[in-house]
Amino acid sequence: MIARVKNWVGRHWPVVRLRTLLLATLVFVAALPGFGAIFLRVYENALVRRTEAELVAQGAALAGAAAVLWAAPAQGEPASGISAPPVSYYDTVSEIDLSTSAILPPRPSATPATSPPEPKAIAVARALAPAFAETKLSTLSSIIMLDRHGVVLNGPDAGKSLAGLREVGAALAGMPATVLRRNEQYVAYYPWEWLTRAGNLRLHYARPIRTNGQVAGVLLVSRSPSALFRGIYEDWGKIVLGIGIIFALLVVLSVLLSRAIVRPIEGLSRATRELAAGRRITPRHPTLKVVEIDALFGDFEQMADSLEQRARYLRDFASSVSHEFKTPLAAITGAIELLQDHGAAMAPAERERFLANMSADAERLSRLVRRLMELARADVLVGERGARTDAAPVIAAVADALGGPSFTVSTELPRAFPQLAVDADALEAVLTTLAENARQSGAAHLRIALSQAGGHASIDLIDDGPGIPPADRARIFDPFFTSKREQGGTGLGLAIARSLLDAYDAELDLQPADSGAHFRIRCPLA
């Protein structure tokens with residue numbers, strides 16, 4: 001199933017420019033807060049809570065005024081005070097949330113009261129009627145006052161009871177309460193109001209009126225919250241300015257990303273195509289540095305250098321192979337033609353001489369082929385991960401195998417030495433090649449010394465032979481370069497040795513020497 005989805009996405013995924021993808025991503029990220037404010041009702045919730053805060057403020061002021069009037073003594077009665085103010089002040093925390101708060105049905109009609117309203121409560125309601133009317137004109141709120149039994153004191157439902165409402169019951173118990181109810185008189189004014197949830201709601205806030213520590217009545221204030229799109233319209237200037245600033249920042253970010261990422265990648269793409277066509281151009285480094293892009297440029301230049309070096313190596317190698325094979329093949333071909341043309345007239349000794357020359361040339365070709373195979377294997381060799389070798393036994397084995405009366409090999413080996421991160425067979429092959437070269441060059445003594453410097457080991461091979469001429473020092477590791485071609489040398493031994501060590505991050509170099517030859521193998525420790 002997952003594979004099918006991946007295949008479908010792969011077939012239908014549009015191929016777009018990186019600039020377009022970056023700009024689309026930035027626009028999407030910038031638009032997320034706006035979508036969140038609408039669909040997660042963040043801004044809408046803030047409008048509802050602001051409406052609730054206004055109702056709480058109105059209710060607190062009017063309930064306080066009612067409490068003062070309630071506590072005022074009638075003519076001929078002794079004076080009595082209102083309840084003491086709270087000792088500490090606190091900020092009211094709203095519990096209304098459009099995502100979690102229950103939406104109640106519209107407020108039901110008032111029911112007949114079981115008892116008439118209290119005269120004192122009626123007097124207070126009549127005294128506050130002008131304040132109620134003035135407040136309604138400014139806030140468009142519905143304000144209803146009830147006595148301590150929940151009987152309505154003002155408005156068209158005066159004399160009836162609202163004690164059965166949840167919010168009124170909480171206020172009669174001494175706790176202010178806010179509920180959300182559906183507004184059955186709601187009419188949509190904006191075409192996009194289906195996006196909002198608060199358009200057809202109405203907040204009902206009930207606050208107890210306290211006198212002398214007792215609940216004397218309830219003030220019920222209700223109002224529809226500010227419409228979402230009305231709030232957006234009221235703040236349209238700020239919203240447009242914010243959108244303009246966001247898009248200006250998006251353009252700036254897009255330009256920066258284009259200069260730091262897109263343009264360098266396009267430059268690398270052009271340089272890659274030119275390199276594939278056989279022409280190398282140096283891509284221009286970006287002025288705005290990005291660590292990964294800068295590393296990519298470095299890797300590209302390293303790859304280009306490696307490809308150029310490999311191409312030059314292949315050209316030189318092909319030329320050298322052609323030269324090395326051409327001489328013995330030409331000799332064999334000439335001998336065959338002589339034997340075909342004059343073989344019958346040749347003396348047996350002369351015929352044997354030609355055959356011996358042909359055999360020697362054929363043997364040289366076979367030797368070249370074997371050494372070329374060894375070089376090819378060494379060039380593609382990948383060092384075994386975790387290879388570990390004790391160098392002392394390998395060096396001792398090579399010294400015993402090659403040492404003799406005419407060619408002595410001495411060793412300088414520490415008693416305890418860390419293991420080398422190189423294969424034992426590869427190390428032995430390299431040491432054997434270097435020792436054989438020293439013996440064939442006419443050296444009578446070879447000294448092999450093992451030492452440690454930091455995290456690497458050094459194996460120095462120093463002989464007492466004639467040494468290497470200064471003119472040949474820079475070429476001795478080139479394939480097919482040899483000064484012993486007449487003795488059967490192929491010029492591949494040192495090239496193979498260096499390739500074997502390269503596979504294990506080891507090095508083989510020729511060191512300066514006053515006499516003889518001095519080679520040094522530098523290997524990492526295991």
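In which sense do β3 and strand β7 (residues 214-223) pair, and over how many bridges? In this predicted model, in which local features need pLDDT of at least 70, side-chain atom pairs count only at pLDDT 80 or more, and totals for chains, interfaces and linings use all residues, β3 and β7 pair in the antiparallel sense over six bridges. Residues are numbered from 1 along each chain as its sequence is written, and side-chain values use heavy atoms, with hydrogens and water left out.

Strands (E, at least two residues) and helices (H or I, at least four) are DSSP runs numbered from the N terminus; two strands are taken to pair if DSSP finds at least two bridges between them. β3 belongs to an open sheet of five strands with mixed pairing, in the order β1-β5-β6-β7-β3. The edges are formed by β1 (103-104) and β3 (142-147), each with a single partner strand, so one side of each has no neighbour in the sheet. Within the pairing of β3 with β7, Leu 219 of β7 is the bridge partner of Met 145. Helix α4 (residues 119-139) packs on this sheet and touches β3 and β7, contact meaning heavy atoms within 4.5 Å. The direction of α4 makes about 165 degrees with that of β3; axes are lines fitted to C-alpha atoms, for helices over the stretch in contact, and angles run from 0 to 180 degrees between N-to-C directions.

A further open sheet of five strands, also mixed in pairing, has the order β8-β9-β10-β12-β11. Here β8 (408-412) and β11 (507-511) are the edge strands, and each has a single partner strand, so one side of each is left without a neighbour in the sheet. From one strand to the next the twist averages 20 degrees. Strand β9 (residues 445-453) pairs with strand β10 (residues 456-463) in the antiparallel sense over eight bridges, and Leu 446 stands opposite Asp 463 in β10. Helix α10 (residues 391-402) lies across β8, β9 and β10 and runs at about 175 degrees to β9. Helix α12 (residues 493-502) lies across β11 and β12 (518-524), at about 135 degrees to β11.

Helix α11 (residues 424-440) packs against α12 at an angle of about 155 degrees, the axes being 9 Å apart. That makes the two helices, α11 and α12, roughly antiparallel (angles under 35 degrees count as roughly parallel, over 145 as roughly antiparallel, 65 to 115 as roughly perpendicular and the rest as oblique). The contact residues include Val 430 and Leu 434 of α11 and Leu 494 and Ala 497 of α12. By class, this contact has eight nonpolar, three polar and no charged residues, where Ala, Val, Leu, Ile, Met, Phe, Trp, Tyr, Cys and Pro count as nonpolar, Asp, Glu, Lys and Arg as charged, and the others, Gly among them, as polar.

α10 and α11 pack at an angle of about 35 degrees, with their axes 10 Å apart. Among the residues in this contact are Val 394 and Ile 395 of α10 and Glu 428 and Arg 439 of α11. The contact of α10 with α11 comprises nine nonpolar, one polar and three charged residues.
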